[in-house]
Amino acid sequence: MRSTKKAPSGNHTRPGRPNPVGGCPLTAALAAFGGKWKLIIVYWLAEAPKHFAALRQALPSISQKVLSQQLRELVSDGIVNRQPKGAIPAPVEYSLTDYGRSLLPLVENVRQWGRAHMERSTTQPGAPGKGS
C-alpha cells in the first residue's frame, strides 16, 4: 500500500474561509478578524514583522496552539504573510500584507473605544467593576 505524505500546515496556501452567513458583510468581517486574539495580533504586527516567539512574548496568555491557529487563519484570509527565514526547520517571520494594513484604522478605532469604555466603567456609579 502506498502512503501519501501530507504537507505541513504552513507549507501551502489555503483558500480564504467561506462566509458563515452568505451575503452578510458583517459576518464575513468577523470571520476574518473576529475573536479574542486576531485584532491584537494585527496590532502587534503593525509595529514590525515578528517571529512566532516574539508574538508569544507580546501575548503571554495565548497558548502556542491558539496562536498557531489564529496565524494560520490570518494567513489564509490574506491578512498576514508567513515567511520562512533560512533552511528547514526555519524560523518563520510574520508580517501584515497590504490587505492586512487596511485593518489598521479599525484596530485603532477599537483600541480608542476600548480605552473610553475602560474609563467609563471605572468612573460611573454602578458601572461594572465599581462594586455592582
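In this predicted model, S63 is partly exposed, with a relative accessible area of 34%. The residue belongs to the loop that runs between α3 and α4. Its side chain comes within 3.1 Å of the backbone nitrogen of V66. A second serine, S121, is found in helix α6, which spans residues 104-123. S121 has a relative accessibility of 12% and therefore counts as buried, the cut-off for that class being under 20%. A polar atom of the S121 side chain lies 2.8 Å from the backbone oxygen of H117.

At the level of the whole chain, the model contains 6 helices and 3 strands. Their order along the sequence is α-α-β-α-α-β-β-α-α. The protein chain has 132 residues, of which 26% count as buried. The exposed area of the chain is about 9200 Å², and 58% of this area is supplied by carbon and sulfur atoms. When contacts between residues at least 6 apart in sequence are considered, 46% of them join residues at least 24 apart.

In soluble globular proteins, nonpolar side chains tend to be buried together. The largest nonpolar core of the present chain comprises 21 residues, and I41, L67 and Y94 have the most contacts inside it. At least two residues of this core come from each of α1 (25-33), α2 (38-47), α3 (52-58), α4 (64-76) and β3 (92-96). The largest share is that of α2, with 4 residues. With residues up to four places away in sequence left out, L67 touches I41, F52, L55, R56, L59 and I62. I41 thus appears both among the core residues with the most contacts and among the contacts of L67.

In helix α2, the buried residues are K38, L39, I41, V42 and L45. These residues lie on the same side of α2, because the arc they cover around the axis is only 155°. An α-helix has 3.6 residues a turn, so residues three or four places apart point the same way.

In helix α1, the buried positions are A31, A32 and F33. The buried residues of α1 pack against three helices, namely α2, α4 and α6. α6 is also the helix that holds S121. After α1 comes G35, which has a positive phi near 105°.

Strands of a sheet pair through backbone hydrogen bonds, either parallel or antiparallel. Here the 3 strands make up an open sheet, ordered β1-β3-β2, with antiparallel pairing. β1 (50-51) and β2 (80-84) are the edge strands, each of which pairs on one side only. The pairing of β2 with β3 is antiparallel and extends over 5 bridges. Across from V80 stands L96, a residue of β3. Besides its place in the sheet order, β3 is one of the elements that supply at least two residues to the largest nonpolar core.

Key
Residues numbered from 1 in each chain as written. Predicted model: local features only at pLDDT ≥ 70, side-chain atom pairs only at ≥ 80, totals over all residues. Heavy atoms only, no water. Buried < 20%, exposed > 50% of the residue type's maximum accessible area, 1.4 Å probe, protein only. Polar contact = N/O pair within 3.5 Å; in protein donor to acceptor, adjacent residues only side chain to side chain. Core = buried A, V, L, I, M, F, W, Y, C linked by side-chain atoms within 4.5 Å. Contact = heavy atoms within 4.5 Å. Areas by Shrake-Rupley, 256 points an atom, 1.4 Å probe, with all protein chains shown as cover. Arc of directions from axis to C-beta. Pairing = 2+ DSSP bridges.
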